[in-house]
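Please look through the sequence and the model shown here before reading on. The paragraphs that follow lead from the chain as a whole to a few of its individual sites.

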Amino acid sequence: MTLEDLGYNIDLANYRKGQNLDPFEVGRVISEHKERYVVKTTENEYDAEIIGNLRFSAQKRSDFPAVGDWVAISKYDEDKVLIHSVFPRKTVIERQAVGKQGEKQIIATNIDFAFIVQAVDRDFNINRIERYLTICNASNIRPIIILNKIDLINEIELKKLISEVQERVKQVPIIAISNETKKGIERLKESILKGKSYCLLGSSGVGKSTLLNNLSGRQLMKTNTISTSTNKGRHVTSHRELLVLDNGGILIDNPGMREVGIADSSSGLEKTFGTIVELSKNCKFKDCTHKTEIDCAILEAVSKGEIDTDSYENYLKMEKEKEHFESTVAEKRKKDKDLGKMIKHFKKIRKSDKY
Ligand SMILES: Nc1nc2c(ncn2[C@@H]2O[C@H](COP(=O)(O)OP(=O)(O)OP(=O)(O)O)[C@@H](O)[C@H]2O)c(=O)[nH]1
Ligand SMILES: [Mg+2]
Ligand SMILES: [Zn+2]
């Protein structure tokens, strides 16, 4: 195995040189669990921890290594390494951290393509597809929609679902598969490119890990073996994991996500809802909210049926989440600044007290 097999490229090599990181080994983070990492190199998989300096200088969660990251490491034991630094990320797929307003959680880094997996049974939801598209588009990750479990429906039902998706989501490939009958798996396998990194996204139970096992031809990931009807909402995959397939594709499995909150994804929304954003330039008011205003180009297009009503509502909802995220971040910054001022003020008083 070479570093290139893990996704290493010329940009990373140049960075390594520029930063004088040659004395260190490099590897890729393939799993993360509570600040313990597994780093894969050409030779081995190591248990890894970050050096104190890196922890000390980290200001936010995203300064810590994440699955998909390239890191500079040094060996200190047979199969243990220390992480000294994280290479700049080419792409980051992230969401609003669950339960932590104004904070982001990284799902994976340095991803080229994302498989947005939905099962065609009760999981099917185009609003949620648009949500995943938004977090992919925010970082130039190319999305591919996978409709799984097509063994559960007939041809006509499948055709209907596909055209429903195509109605709202333009220019994103859709691949229909079944892990059960293996239909579509070969086609999907052939589309996977050597040296490119793929991330599997989707709710719990849609069959991400089963798909990964099918693509690799091995039982690498634990999957849900209990009947799904008695097993609602139980996650089987507990953390992210990176695997290299025989055909050279690099795949990252994820635990299912219940919430895909939008953070500061302006560019993601713009790209996902291109028509809506483009049309908004024709609204009469510059700060049009597209809800009640007169001469709103978007409301007009919705009433004419040129824009799908569900898509419009979904866009407004995510736009609101984005604004909420941004204002929470701004508030936090202001608080920190005020606190800083206060500390300065008290220091001054204490100083003058001495005399
Ligand atoms: N009928 C049918 N069942 C499938 C298919 N693919 C997966 N399953 C079943 O769906 C269940 C969940 O599969 P997993 O692969 O564990 O799902 P997951 O997306 O990895 O779930 P989390 O790890 O919890 O996020 C298992 O019982 C699988 O056997 C399929 O194509 N058809
Ligand atoms: Mg899984
Ligand atoms: Zn408007």
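Helices and strands are taken here as DSSP runs, a helix needing at least four residues and a strand at least two, and they are numbered from the N terminus. With that in hand, one can start at the beginning of this predicted model, where helix α1 covers residues 10–18 and is capped at its N-terminal end by N9, a side-chain oxygen of which lies 3.1 Å from the backbone nitrogen of D11. After α1 comes N20, a residue whose phi is positive, near 55°.

The protein chain as a whole has ten helices and 13 strands. Along the principal axes, its C-alpha atoms fill a box of roughly 80 × 60 × 45 Å, and of the 355 residues in the protein chain, 47% are buried.

How many aromatic pairs does a search of the whole structure find? The search gives five, and one of them is formed by F113 and Y198, whose ring centres are 5.0 Å apart and whose planes meet at 15°, so that the pair is stacked, given that planes under 30 degrees apart count as stacked. Because F113 belongs to strand β8 (residues 113–119) and Y198 to strand β11 (residues 197–201), this pair ties together parts that are 85 residues apart in sequence. F113 has a relative accessibility of 9% and therefore counts as buried, and Y198, with a relative accessible area of 1%, is buried as well. Y198 also pairs with F115, the ring centres being 5.2 Å apart and the planes at 25°, so this pair too is stacked. Since F115 lies in strand β8 and Y198 in strand β11, the pair ties together parts that are 83 residues apart in sequence. F115 counts as buried, at 0% relative accessibility. Ring pairs thus link F113, F115 and Y198 into a cluster.

The next site is a metal centre. The zinc ion (ligand 3) is coordinated by the SG atoms of C283, C288 and C296 and by ND1 of H290, at 2.1 to 2.4 Å. What arrangement do the four donor atoms around the zinc ion (ligand 3) make? The angles they subtend run from 101 to 115°, which makes the arrangement tetrahedral. For comparison, the ideal angle for four tetrahedral donors at a metal is 109.5 degrees. Along the chain, the donors of the zinc ion (ligand 3) follow the spacing C-x4-C-x1-H-x5-C. C283 and C296 both lie in the loop between α8 (274–279) and α9 (297–303), so the pair ties together parts that are 13 residues apart in sequence. Both C283 and C296 are buried.

Helix α8, at one end of that loop, contains I276, which counts as buried because its relative accessibility is 3%. The C-alpha atom of I276 is separated by 8.5 Å from that of Y315, a residue 39 positions away along the chain.

Ligand 1 is another site to examine. Of the 24 residues around ligand 1, those that come nearest are N179, S204, T210, N224 and T237. Among the polar approaches, an oxygen atom of ligand 1 is 2.7 Å from a polar backbone atom of N179, and an oxygen atom of ligand 1 is 2.5 Å from an N or O atom in the side chain of S204. In addition, a polar backbone atom of G207 is 3.0 Å from an oxygen atom of ligand 1. Taken alone, ligand 1 exposes 660 Å², and the protein buries 90% of that area. Helix α6 (residues 208–216) gives the most to the shell around ligand 1, contributing three residues.

A last stop is S139, which is placed in the loop between α3 (126–137) and β9 (142–148). Is S139 buried or exposed? Its relative accessibility is 16%, and S139 therefore counts as buried, the cut-off being under 20% relative accessible area. The side chain of S139 reaches the backbone nitrogen of V92 at 2.8 Å.

Technical notes
Residues are numbered from 1 along each chain as its sequence is written. Chains are lettered from A and ligands numbered from 1 in the order in which they are written. This is a predicted model: local features need pLDDT of at least 70, side-chain atom pairs count only at pLDDT 80 or more; totals for chains, interfaces and linings use all residues. Side-chain values use heavy atoms; hydrogens and water are left out. Rings of Phe, Tyr and Trp (its six-membered ring) pair if their centres lie within 6.5 Å; planes under 30 degrees apart count as stacked, over 60 as edge-to-face and the rest as tilted. Buried means under 20% relative accessible area, exposed over 50%, partly exposed in between (1.4 Å probe, protein chains only). Donors are N, O and S atoms within 2.8 Å of the metal (3.2 Å for Na, K and Ca); water is not among the atoms, so sites may look incomplete. Four donors count as tetrahedral if all angles lie between 85 and 135 degrees; four count as square planar and six as octahedral if opposite donors are over 155 degrees apart and all others between 65 and 115; anything else is irregular. A residue is near a molecule or strand if one of its heavy atoms lies within 4 Å of it. A polar contact is a pair of N or O atoms within 3.5 Å; within protein, one must be able to donate a hydrogen and the other to accept it, and residues adjacent in sequence count only if both atoms are side-chain atoms. Accessible areas come from the Shrake-Rupley method with a 1.4 Å probe; for residues, only the protein chains shown count as cover.
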